[in-house]
Structures are given as structure tokens and as C-alpha cells.
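Student: I'm new to this structure and would love a close look at just one part of it. Could you walk me through the cysteines and what surrounds them?

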Amino acid sequence: MANHDLMLGQSHNLALRQNQHLVLGHDHNLGLTQNHDLDLGQTHEHHFGLGQAHDHDLGLGHSHDHELDLRQRHEQEGDDGHSYGQDNELGTDQKPDHGDNELALSENNELTVSENQELDDSLALAVDDCQDMGIDPVRDLQHSQMIVSLPHVLQVRNSNPSYELAVGQEFPDVKSCRRALRDTAIALHFEMQTIKSDKTRFTAKCASEGCPWRIHAAKLPGVPTFTIRTIHETHTCGGIAHLGHQQASVQWVANTVEQRLRENPNYKPKEILEEIHRAHGITLSYKQAWRGKERIMAAMRGSFEEGYRLLPQYCEQIKRTNPGSIALVYGNPTDNSFQRLFISFQASIYGFLNACRPLLGLDRTFLKSKYLGTLLLATGFDGDGALFPLAFGVVDEENDENWMWFLSELHNLLEINTENMPRLTILSDRQKGVVDGVEANFPTAFHGFCMRHLSESFRKEFNNPMLVNLLWEAAHALTVIEFEAKILEIEEISQDAAYWIRRIPPRLWATAYFEGTRFGHLTANIVESLNSWILEASGLPIIQMMECIRRQLMTWFNERREISMQWASILVPSAERRVTEALDHARTYQVLRANEAEFEVISREGTNIVDIRNRCCLCRGWQLYGLPCAHAVAALLSCRQNVHRFTESCFTVATYRKAYSQTIHPIPDKSLWKELSEGDPDANKAVQVIIHPPKSLKPPGRPRKKRVRAEDRGREKRVVHCSRCNQTGHFRTTCAAPI
């Protein structure tokens, strides 16, 4: 035939069920029934294969083969008892030219068609009249005859009634008109070129050369409404010959996924790409999907610049909704650019001072937002050992001056809210700024190393897991003898490692020498413990980040308050388990009493002296953990004392409930701040203060990964110099220092 179509002629009727259609699903696979079989009546089973022999019963091979191979297997058993099995093979003898008869197939061997498109009764599957299919001619095709018309393009136009355009159709304004035409072009798979677009008229044509399709819309006089004046509805171009689309702009991506992002802000750009390809058959770049998401997220959460501008008002809202809270923002005196933010909720202050252990961990994490910065954290620990965030600070950069400021604000809030300042134990990485800040603001505090930072530095220096484990064992050792034994083991493996450890005073990190009470906490471990949500929050605009933190705290306070109401024990679960274990061991110990307070406890490990009046044991377990050790429990049982009465008060359920007795209240949406603050002089002053973004703008582009080539290992590195900030270690082009 002239166009090399494959046809089933009238004399070779293919017996199909009545009104059967060949349906092309939305995934662009050519599917015949559920298992891709073409169902031919009740007793016939026919399989079609095109091109290569795939597992599918109907498959399309590579378009460059230009071969159509129809394999049919007929098995029929009649009522008269005879049966026959026959393999009929139908092949096209001549290969089509590379012209009008070329099969346009996608790279994955799938015929790409529009969603929900059906090959209905009007389609016919053409075969050469001279080919006999060997099928009973009693049933004719009539309504079941099929034509597969294979166009020249990858995206076939779909006549979707919801995207039909008509003369006289009206739109509220020119933007709505452009938006409707853009959606129509994407849905019907043609690209549109704008000829003229202004406030009074809009003219566009099909982007394909030679296609006569054209549309003109104009503004109605006296009203902003636009109406379609003329339209040439007929396309001769055949659709788009590529997988993208000119009208699939970033704004279109944003509009398409807006609802999904509002429901799930964690919707990833990769998932956006997959959704658009599945729904519209369009392949976009990752950057388009990312920019579309960022545009919607900016509309939902506000821009980064707006976050800094509204900070003074946000601080006033915290103090209004959570009385007793501290919220302070500071700008640079010269240009009022953001410099510092300090926030501590009244519920956290009350819980820490009245119910938590006198132990504070200091840590920081770098922000990943547009304007960088650093989040400083001060966190306590409740009776059950969980983190109890006390205060947060955001600074433009981490330096000694900002740490001094943060610790000064921390001291002020504790001093204001208590008559007797507790003697704190503070854990940190002991960098210079933190050490100076603690000495200046908490001169009586015990300041120790957070073992996480110390062990990480040790691991980088020696990279030996056995040495790292011995370092931790030395840190946990309760007595000086045990500590020295572990250091000797390290020295046997590496004298350099032992020398490295001895350079750091053990009173700053080793339990055996540490003077403060750490209750078994060798590490603050704040950022790691909050990693699941603090990292996500660190990339948000500053107000959204602080709101994410506030919501998490609000949820924690409520959940822990409700859980504690279900506890029937005297001590919190972790302390109850520790005391129970001590009771089990104590029953096997021999106790000798010296007086009303002093006891000698004999066990297989040796002899220990217990003083129940001063709550101390020679093993130092009672003093260090705040709970009676097994020796102390044995002494208390021997004189019929209640063990629970000799625990620190912070371990009781009553005190735990007190820690979470206050509520962190929600903050209304920013659109209501002005209305809710009417008549408040402080709020009116806050409106007048404008905070600009900091100067530490994040450099554009993807951060480079520091890869070391094999041939460069061991080679002495050349020192490079930055001409922008006068520092070494990087070039001007990679400089990320504040402007």
C-alpha cells in the first residue's frame, strides 16, 4: 500500500469481542487487555510481537529496524472433537522508506501518545490483502476493526474538551488569558510563539514553521476582561518532536505542584520531575523543578529578606504570647544589618531552674540558608536523660565575640529568674571563645570537654579504632587507678597517642578527675540528637527556622507531660532501672556497720566504704551519677532505709512533671501581628525597626567537594592566598567570607 500501513482487510476479518478497543494508557505503553494479549473471541488466543522478541506480547522494537513481525499462534478446539495447532507468521516483505512511513518511537521502545487516548472504532489495522490470517471469517470486524496510525512525532495531540478554545471565550485579564493558552499548548502538545502581548491585546501562533494555527485576543472596552476574537483551529504540524516543552516554564512548574507542596513541603525536585513526566509527558531539567519548588516555598514561608525585616515584630509576638520569655534582636549600628538573635521561652527557663540537672551543653550548627550564619544552642538534661533546650542564639558568624555575647545573655536570664544561681557543669568543645565566655560569665562553673569533640579530634589525628575505644574507656573510668591503666594500654600501642592525651588536663574530660557532676553525661551531643529536624530547619528563612524549633519544643513539652502522667513509679524509668539493677547486686554483698552513717561493704570486687549522710561511696558511683550505687543500696537496705529517698530530686517523677508543667504557646500568623499588637507601644516601636539581611551571603553554585587524587597523597601542598579576604587556603573565586 502507498503509506505502508498495516491493515486487516475485509476479507480477513479478525474475530474480536464486540466493540473491543485498543487502549493506549497514560504510561504510553501500547496495551491490549491486562496481560497485553489481544483477546480474540472465547477460544482464540493471539499474540502480536513487533520487532525484537520481548516478554510483552505486544512490543515495539527499535524504530531503525523498520520491521514489523506479527507472530500469531492459534489453538482452537471445536465441539466436534477435532483440534489444530498452527503458527502463522506474517511479515512485511518490504522495509518502509525513511520518509512519511517512518515509525516515530521513543528511546525506550514505547509509542508515546497522549493520556487517555483510545484507538476506537474509527481506527483500522491495515494488512496486505493478499495475506491470509487463517481466522474463521464468520465474525467480521465491523465495530472492532482497528487502525494504528503512527505519526512522525513523540507527542501526539490530544483533543481534550477541557482545553478547547473558542471565539468569544473570555478571561479576567491578560495574565489569565496567557495562562489558559499556555496550559492548552502543554495539554495538546504543541508549542506556541507569542507575536504581541500588552495590556490590550494578545496574539500568538504555533511555533512550528508552516503551521497556520493562530489566535488573537483583545481587551473589551471599559472592563479588564479579555476575549478571543479570532482563532485558526487547525494544526498541520503534527505536534512536538521532542520531550520538552517551550511553555513549561518555572512558573508553570510552580503552579502545577503548588497544592502538593502545601500538603508536603518535603516534596523533592526529583519527585516533581517524575510527577510532571507521568501526568504531562514532559521531561524537564532538575533546575527547573528546583526553582519551581523554591518559588512556591518562598510564597508559603516568605522570603529570606522578609524574615530579617520582620524579626523585631516576631520577638514582640514571642513575648506577647509567652510572657516571661526572652527574645532579643540586634543589628549592626552602622547599617542595621542583622547581627544577633537570642530566644529563650519562659517554659524552658522555669523547667531548667526548677526541675533539671545543673548541667548545660553548648553546641553550634552552621545554617544552610541564603545568608548563612550560625545557630548557637544551650541545652540542659531532664531527669530521664533527654535533651531540654534552654536557649537559642543566631549570629552572623561564629567568633569569640559572639560566644561571649551568647553566654552573657544566658547568664542574665538565669540570674533574673532565680535567687540562687546554681553551680553549673558546662560541656563544650572548649574552643577559645567558649572558654573565655564561661570564665567571664560563670566563674564558679565546672567546664569540661564534650567527649564527642575530643574523640573526633583524636580519631582524625591517629585514625585507629582501638585507640579511640581505649580513650572512651579512660574517660568512663571512675577511679584514678582505672584511668591510668587505660592510658598505659594506649601507650603500649602508640606513644604519640598517649603523649597527645596527656597534653590535655584530665580534669577537663576524665570522669576520675572531673570535679563537677556530669550525671554520666560525657557528651552534650546536642546537634546529633536534634539532627532529624534541626538540619531541615537550618535551611529555612530565619523566622521559619525559629518557628520550626518552637513547634518542636511545644510538641515535646506536651508529649512528655502526657507520658509522665502514666508513670506510677517514684523515679523516672531510666533511674528506676538503674536502682533495680543495683538492688539485684546489693543482695549478695556483706555489710558491716561502723556507726549510724558509715558502712563497710564487702563484695567479690573488693571492699568499699559508704557514707549515707554525705551520700558518697569509695567507688564514686553515687557521687558521679546522683543515684545510689550497689554498695550504697546494700548499706541502705541493712539499716532499713528507703533507697528512693537517697536519690537526687531531679530523678523523681514529681520533679520530671514539674520540668514540663509550663506550656510553650503558639504564635499567630504574621498577617495578624499588626492587628493583635494595636495599642502596644513596644510593638509599635518594633514595627519601625527594620533589620536588613547580614552581609555573609552564600556564594552561588554548588559547593565543591574536596577530593584528593591518589597521586597527590603525601605531596606537600602549596599555600594559596585569597586576594579578597587576605586569608590563606582558598582563592578569591571560592571565597565565602562575609562581604
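Student: How far is the sulfur of C206 from the closest cysteine sulfur, and which residue holds that sulfur?

Tutor: Happy to help, and please keep in mind that this is a predicted model. The closest cysteine sulfur to that of C206 belongs to C211, at 3.7 Å, which is too far for a bond. A disulfide needs the two sulfur atoms within 2.5 Å, so this pair does not count as one. C206 itself is buried, with 2% relative accessibility.

A second cysteine to visit is C617. Its closest cysteine sulfur sits in C619, 3.5 Å away, again too far for a bond. C617 is buried too, at a relative accessible area of 4%. In the structure as a whole, the number of disulfides is zero.

Now let's see where C617 lies. This residue is in strand β23, standing opposite V610. Strand β22, residues 606-611, runs antiparallel to β23 and is joined to it by two bridges. Both strands belong to an open sheet of four, ordered β20-β21-β22-β23 and paired antiparallel. The edges of this sheet are β20 (590-593) and β23 (616-617); each has a single partner strand, so one side of each has no neighbour in the sheet.

One more element completes the picture. Helix α19, made of residues 630-638, lies across β20, β21, β22 and β23. Its direction makes an angle of about 120 degrees with β21, the strand of residues 598-603.

Technical notes: Residues are numbered from 1 along each chain as its sequence is written. This is a predicted model: local features need pLDDT of at least 70, side-chain atom pairs count only at pLDDT 80 or more; totals for chains, interfaces and linings use all residues. Side-chain values use heavy atoms; hydrogens and water are left out. Two strands pair if DSSP finds at least two bridges between them. Contact means heavy atoms within 4.5 Å. Axes are lines fitted to C-alpha atoms, for helices over the stretch in contact, and angles run from 0 to 180 degrees between N-to-C directions. Buried means under 20% relative accessible area, exposed over 50%, partly exposed in between (1.4 Å probe, protein chains only).
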